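Dear colleague,

I am passing on the structure below, and my notes follow it. Please read them with the model open beside you.

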Amino acid sequence: MANMSLKKNPMPAQAPEVRNRNFDEVALGYTAEQAVDEAKRCLACKHKPCVGGCPVKIHIPAFIAKVAEGDFAGAYEIIAEASALPAVCGRVCPQENQCEGVCVRGIKGEPVAIGRLERFVADWHNAHADIKNATRPAPNGHKVAVIGSGPSGLTCAGDLAKKGYTVTVFEALHLAGGVLVYGIPEFRLPKAIVQREIEGLKALGVEIETNTVVGKTVSVEELMTEYGFEAVFIGSGAGLPKFMGIPGENLKGVYSANEFLTRINLMKAYRDGSATPIQHAQRVAVVGGGNVAMDAARCAKRLGAEVYIVYRRGMEELPARHEEVEHAMEEGIVFKTLTNPTEILGYSNAEDRRDPKNGCVVGMKCVEMELGEPDASGRRRPVVKEGSEFTLDVDCVIMALGTSPNPLIKSTTEGLETAKWGGIIADEQGRTSKKGVYAGGDAVTGAATVILAMGAGKAAAAAIDEDLQEK
């Protein structure tokens, strides 16, 4: 029987006052009964707009039909044909403006909870399947190098490995996963899940070389000449933080969101006995309004701080996912919208130069804003309110203003065209201006979503296959 309920099955979750003190996953996942019930809300409509709304084109109605029948293994097989990281996407994709955004059920009532069902199926598979027995395809004699082990690199590597390519992934950090391990917190995406997806790729024969900074340790040229890789895919992400350029940004206690999140997520600085230090601040201001700002704020809260999100536009204009904003508010994070920092204030003790508090953050000067006319992007431009200056009493400031691609690869690779702002120029198939070199994900677009990076890795894998088979 179809389930004609107008509302999705709610996601079981940890209570806000409990979870804002731990790093365990917030959303607990559907039970099998909830998943089957939710799957029965799908109308199996003729035009399948949800498939068009998915950047990697998962056959959504087909996998949901399997869930409705209770055939979770069959559902996983359908998802896995298109997606290399279903347990990740089910957790961090902005489904509300992709597959679920165009779901016909959403016209009257709420769309089918496609993301929650994808997560359920992937988690069920991870609990019941043995990845060590993956069948490796016969090698086709071609070698491809992938730079970066984030979503685009892992997807490209997985798609090529399935076709028999010998693939080596080069990762700068000591652990594979890219932004999935250094950027997204444990409470949104448990790292064990990422590691399991990576083990799945290794079972297909993908080799991962960590601690290798391409552009320093080895160049793109050397990979193609000395090491004999016939194609190179650059999926090195966007790890270069942006700052505001206001006075006081070099004080102790000012972090980029990248550094703050890397210390917490990758280095586990919140655990007793971690080798990586982190400031246990009392009052933290996170400047910015995107998902990264929400992640940083929710991490700071879990370290015991009182946390403000300082954003120059209003609540309506926050670019973060609605669910992230809701979770942050439930956890007690204070939103100071229509507010813009002008200076970070530091402590100075002229009498005693060796006072350890010297150069530490003691506050942040801000001005209030109001929204004026829309700018070129169509968003209303924030304008300063005269005489509205005030000081926010904080001892830590985290700048979450977006990131751009690291200039290392472009500056060490001749003939690779890049945009003014630093992104590598590539066509829709990921082909760059340099023969045999492909690129995708945040290294091309600037900071975007996990699923768009995966879509780019997928497109590039298809182009690499096409070009090498012609050769």
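In this predicted model, strands β8 (residues 306–311) and β9 (residues 334–337) run parallel and are joined by four bridges. One of the residues concerned is Tyr-311, whose bridge partner in β9 is Thr-337. Between the two strands the chain passes through helix α14 (residues 322–330), and the resulting β-α-β crossover is right-handed.

The salt bridges come next, and their count in the model is 28. A local example is the pair Arg-119 and Asp-123, whose closest N and O atoms are 3.4 Å apart. Both residues belong to helix α7, and because they are four residues apart there, about one helical turn separates them. Their surroundings can be read from the accessibilities: Arg-119, with a relative accessible area of 5%, is buried, whereas Asp-123, with 25%, is partly exposed.

A second salt bridge, with an N to O distance of 2.9 Å, is the one in which the side chains of Asp-295 and Arg-188 meet. This pair links distant parts of the chain, since Asp-295 sits in helix α13 (residues 291–302) while Arg-188 sits in the loop between α9 (179–182) and α10 (191–203), 107 residues apart. Asp-295 and Arg-188 are both buried.

A third salt bridge is formed by Asp-375 with Arg-313, and here the closest N and O atoms are 3.3 Å apart. It too links distant parts of the chain, for Asp-375 is in the loop between β11 (361–374) and β12 (380–384), and Arg-313 is in the loop between β8 and α14, with their positions 62 residues apart in the numbering. Arg-313 has a relative accessible area of 2%, under the 20% cut-off, and therefore counts as buried, while Asp-375, at 24% relative accessibility, counts as partly exposed.

There is also a network, in which salt bridges that share partners join Arg-19, Arg-188, Asp-295, Arg-298, Arg-302, Glu-324, Glu-330 and Glu-331. The pair of Asp-295 and Arg-188 described above is thus among the residues of this network.

Turning to the cysteines, the structure holds zero disulfides. Cys-156 takes part in none, and the nearest cysteine sulfur, which belongs to Cys-89, is 16 Å away; a disulfide would require the two sulfur atoms to be within 2.5 Å. With 0% relative accessibility, Cys-156 counts as buried. Cys-299 is likewise in no disulfide, the nearest cysteine sulfur being that of Cys-396 at 12 Å, and Cys-299 is also buried, with a relative accessible area of 0%.

Two residues deserve a look for their backbone angles. Lys-48, a residue other than glycine, has a positive phi, near 50°. Lys-48 is placed in the loop between α2 (32–39) and α3 (49–52), and at 40% relative accessibility it counts as partly exposed. Asn-211 is not a glycine either, yet its phi is positive at about 55°. The place of Asn-211 is in the loop between β3 (207–209) and α11 (220–224), and because its relative accessibility is 52%, and exposed means over 50%, Asn-211 counts as exposed.

On the surface, Met-4, Leu-43, Val-104 and Ile-107 form a nonpolar patch, and together these residues have about 400 Å² of accessible area. Within this patch, Ile-107 lies in the loop between α6 (86–92) and α7 (114–128) and counts as exposed, at 70% relative accessibility.

Finally, Glu-389 is placed in the loop between β12 and β13 (390–392), where it is exposed, with a relative accessible area of 53%. Its C-alpha atom is separated by 30 Å from that of Leu-240, a residue 149 positions away along the chain.

With best regards

Key:
Residues are numbered from 1 along each chain as its sequence is written. This is a predicted model: local features need pLDDT of at least 70, side-chain atom pairs count only at pLDDT 80 or more; totals for chains, interfaces and linings use all residues. Side-chain values use heavy atoms; hydrogens and water are left out. Two strands pair if DSSP finds at least two bridges between them. A crossover is right-handed if, with the strands pointing away from the viewer, the path from the first strand over the helix to the second runs clockwise. Buried means under 20% relative accessible area, exposed over 50%, partly exposed in between (1.4 Å probe, protein chains only). Patches are made of residues with over 30% relative accessible area and no salt bridge: like charges are joined within 9 Å, nonpolar side chains (Val, Leu, Ile, Met, Phe, Trp, Tyr) within 5 Å. Accessible areas come from the Shrake-Rupley method with a 1.4 Å probe; for residues, only the protein chains shown count as cover. A salt bridge is a side-chain nitrogen of Lys or Arg within 4 Å of a carboxyl oxygen of Asp or Glu.
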